[in-house]
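The report below considers how one helix packs and how the nonpolar cores are made up.

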Amino acid sequence: ALLSTDSQRLGVSWPHERLDVWGPMMSIMVTGLGDRKRRVFDQAPDISDIVEWFAEVPREEVLDRLKSVKIELHGEAEPQNNTLVSTPVPLRRWLAFEVEEDNQRFCLHDGSWYRMDDQYLARIDDRVREILAEPASVTLPPWGEEYEDSYNKRAAEALSGYCLDKKLIKTPLHSRGGIEPCDVFVPPGVLIHVKRGRQSSDLSHLLAQGLVSTDALARDENARAAWKKRIHEESEGSIEDAELKEVILAIGNDRPITVDTLFTFTKVNLVKQFDALRYLGVQVHVATVGPPPSAD
């Protein structure tokens, strides 16, 4: 599939179960491509980048190269030896690939192959449709060409909320770098995580970032206390007890997120985290933020 020009169910998915991240990510560096070149990105490389890297690799070397190429997350825009904020993970674990053989679906996820049961897939798809159909309690403003941080500030102002982009909280379990509770907080208890949906990895990253941090806030009393303290400071004392009622995963995209646009394991993780947070009394919604209407 990497060497083919045919259309494939091939993409990039954040291996958040594998990544030991202890700080905010500002850049990504790719190593081990065999040409000693340094490749730095401000977000996860897209599948088109990876296909380009492998265009000249002999077929018999592809699988070994997938293991030797590593993706590193760094806390500064210019990666250095001391800016690493996660364990380097082989490229193979970042790939998402799905293929149909003999009326069965096989999925590559986190470096391993899985054969998916049709009935299980149908149930997951039905659940995801239900999740996507539920409207969020607030409507985010349209998103044009502005950068993510600028949009977060504007969205916070439009919703009478607070912008918490890159404002971390630390707990005994997250003391090395901290966690980002959300990008925008709307009182009394709506936490919004925002991501531009330019590529296949973006929604999986949004799920990892948003649902995992919300799970920490819902389960960990230390995280909850640090979160309430942060909101008390941001609101200059006007909010004494920030609540945790709803998390909104807002992805900027021209087209709505649907069952058909998601990789199988992204859907599985969405359902799993959705159910876990619902059990803890937290509502979960996915919102597509479109561009402003055109002048004509």
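In this predicted model, the buried residues of α4 (buried meaning under 20% relative accessible area, exposed over 50%, with a 1.4 Å probe and protein chains only) pack against β9 (162-163), β10, β11 (190-196) and β13, where contact means heavy atoms within 4.5 Å. Helices (H or I, at least four residues) and strands (E, at least two) are DSSP runs, numbered from the N terminus. Helix α4 covers residues 148-158, and its buried members are Tyr151, Asn152, Ala155 and Ala156. Because these fall within an arc of 135° when seen down the axis of α4, they line one face of the helix; the arc is that of the directions from the helix axis to the C-beta atoms. Lys153, Glu157 and Ala158, on the other side of α4, are exposed.

The largest nonpolar core (buried Ala, Val, Leu, Ile, Met, Phe, Trp, Tyr and Cys residues joined through side-chain atoms within 4.5 Å) has 37 residues, of which Phe185, Leu211 and Trp227 touch the most other members. Among the elements that each supply at least two residues are α3 (118-133) and α6 (221-234), while α5 gives the most, with 7 residues.

Confidence is given as pLDDT, the predictor's score for each residue from 0 to 100.

| Item | Mean pLDDT |
|---|---|
| Protein chain | 87 |
| α5, lowest among the elements | 79 |
| β10 (residues 184-186), highest among the elements | 96 |

Residues are numbered from 1 along each chain as its sequence is written, and side-chain values use heavy atoms, with hydrogens and water left out. Local features need pLDDT of at least 70 and side-chain atom pairs count only at pLDDT 80 or more, whereas totals for chains, interfaces and linings use all residues.
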